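User: I am a first-year student, and I should like to go through this structure step by step. Please begin with any term that I shall need.

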Amino acid sequence: MAGSAVAQDLSSIRVVGCTGSALPWVGEHLGAHVQLASTSGGADVVSGFAGSAPNTPVRAGELSVPHLGVALAAHDAEGLPLVDRVGELVVTRPMPSMPLCFWNDPDGTRYREACFSTYPGVWRHGDWITRTSHGSVIVHGRSDSTLNRHGVRLGSADIHGVVEQLPEIAAALVIGAE
């Protein structure tokens, strides 16, 4: 639509759903009356962890609430819950779409190691998040995809945090490639 030669009447749009980085285009081209319903989730849970709800405020860079049925928290290295501080995205109680096993893992060893070894009995997803004191969620990036260059460990969130502060950068994608 942006840059399109054909004018479109978009005045009836009230909500735009997206995933990943928020879409600045929505506010610029559709206006403040359109709710940006961003969400964060995972393919392994075939669901979302946090997103938007029509009765919650939309704050820049934040997902309004955890999704229904998701006991979402941020934990520190010792497994204690954090509020207004960055921690590991965890789900503290089973959620409806949580997998029960991995394919070709007959005794469940790979499943338990991947999902429950950091915090026994608590699902660790591999994202850094902040649970805010007003109930929203800020996703900072992957905690388990670390680039190790000559002994220096960097996560994608570390790189995004610096690069996206540059005024000439609208959005960035970080990948590990040899």
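Analyst: One term is needed at the outset: two strands pair if DSSP finds at least two bridges between them. In that sense, strand β2 (residues 35–42) and β3 pair antiparallel over 3 bridges. One bridge involves glycine 42, whose partner in β3 is serine 47. Please keep in mind that the model is predicted.

User: Which residue takes a positive phi in the hairpin of β2 and β3?

Analyst: The hairpin of β2 and β3 has 4 residues between the strands. As a general rule, most residues other than glycine have a negative phi. In this hairpin, the residue with a positive phi, near 45°, is valine 46.

User: What is the order of the strands in the open sheet of 4 strands?

Analyst: The pairing in this open sheet is mixed. The edge strands, each of which pairs on one side only, are β1 (15–19) and β4 (65–66). Strand β3 (residues 47–51) pairs with β4 in the antiparallel sense through 2 bridges. The order is β1-β2-β3-β4.

User: What is the bridge partner of alanine 50 in β4?

Analyst: Two partners can be named along β3 and β4. Glycine 51 has valine 65 as its bridge partner in β4. For alanine 50, the bridge partner in β4 is proline 66.

User: How many residues of β3 are buried?

Analyst: A residue counts as buried when its relative accessible area is under 20%. By this criterion, β3 is mostly covered. Of its 5 residues, the number buried is 4.

User: What is the order of the strands in the open sheet of 5 strands?

Analyst: The pairing in this sheet is antiparallel. At its edges stand β6 and β9 (137–142), each with a single partner strand, so one side of each has no neighbour in the sheet. The order is β6-β5-β7-β8-β9.

User: How many bridges join β7 to strand β8 (residues 123–131)?

Analyst: In general, strands of a sheet pair through backbone hydrogen bonds, either parallel or antiparallel. Here, strand β5 (residues 72–75) runs antiparallel to β7 and is joined to it by 4 bridges. β7 and β8 also pair in the antiparallel sense, and the number of bridges between them is 5.

User: Which residue in β8 stands opposite valine 90?

Analyst: Valine 90 in β7 is the bridge partner of alanine 73. Glutamate 88 stands opposite tryptophan 128 in β8. The residue in β8 that stands opposite valine 90 is arginine 124.

User: Why is β7 described as largely enclosed by the rest of the structure?

Analyst: The description rests on how many of its residues are buried, that is, under 20% relative accessible area. β7 has 6 residues, and it is largely enclosed because the number of them that are buried is 5.

User: Which residues of α2 are buried, and where do they lie on the helix?

Analyst: The buried residues of α2 are Tyr111, Cys115 and Phe116. Viewed down the helix axis, they fall within an arc of 75°. What covers them includes β8. Since they fall within that arc, they line one face of the helix.

User: Is aspartate 84 buried, partly exposed or exposed, and what is its relative accessible area?

Analyst: Aspartate 84 lies in the loop between β6 (81–82) and β7 (86–91). Although it is not a glycine, its phi is positive, at about 60°. Aspartate 84 is partly exposed, with a relative accessible area of 42%.

User: Is asparagine 104 buried or exposed, and what is its relative accessible area?

Analyst: Asparagine 104 belongs to the loop between β7 and α2 (109–116). Its phi is positive, near 55°, in a residue other than glycine. A residue is exposed when its relative accessible area is over 50%. Asparagine 104 is exposed, with a value of 74%.

User: How many helices and strands does the protein have, and what share of its residues is buried?

Analyst: The protein has 3 helices and 11 strands. It exposes about 11,300 Å², of which carbon and sulfur atoms supply 58%. Among its contacts between residues at least 6 apart in sequence, 37% join residues at least 24 apart. Of the 178 residues, the buried share is 35%.

Notes: Residues are numbered from 1 along each chain as its sequence is written. This is a predicted model: local features need pLDDT of at least 70, side-chain atom pairs count only at pLDDT 80 or more; totals for chains, interfaces and linings use all residues. Side-chain values use heavy atoms; hydrogens and water are left out. Buried means under 20% relative accessible area, exposed over 50%, partly exposed in between (1.4 Å probe, protein chains only). Contact means heavy atoms within 4.5 Å. Accessible areas come from the Shrake-Rupley method with a 1.4 Å probe; for residues, only the protein chains shown count as cover. The arc is that of the directions from the helix axis to the C-beta atoms.
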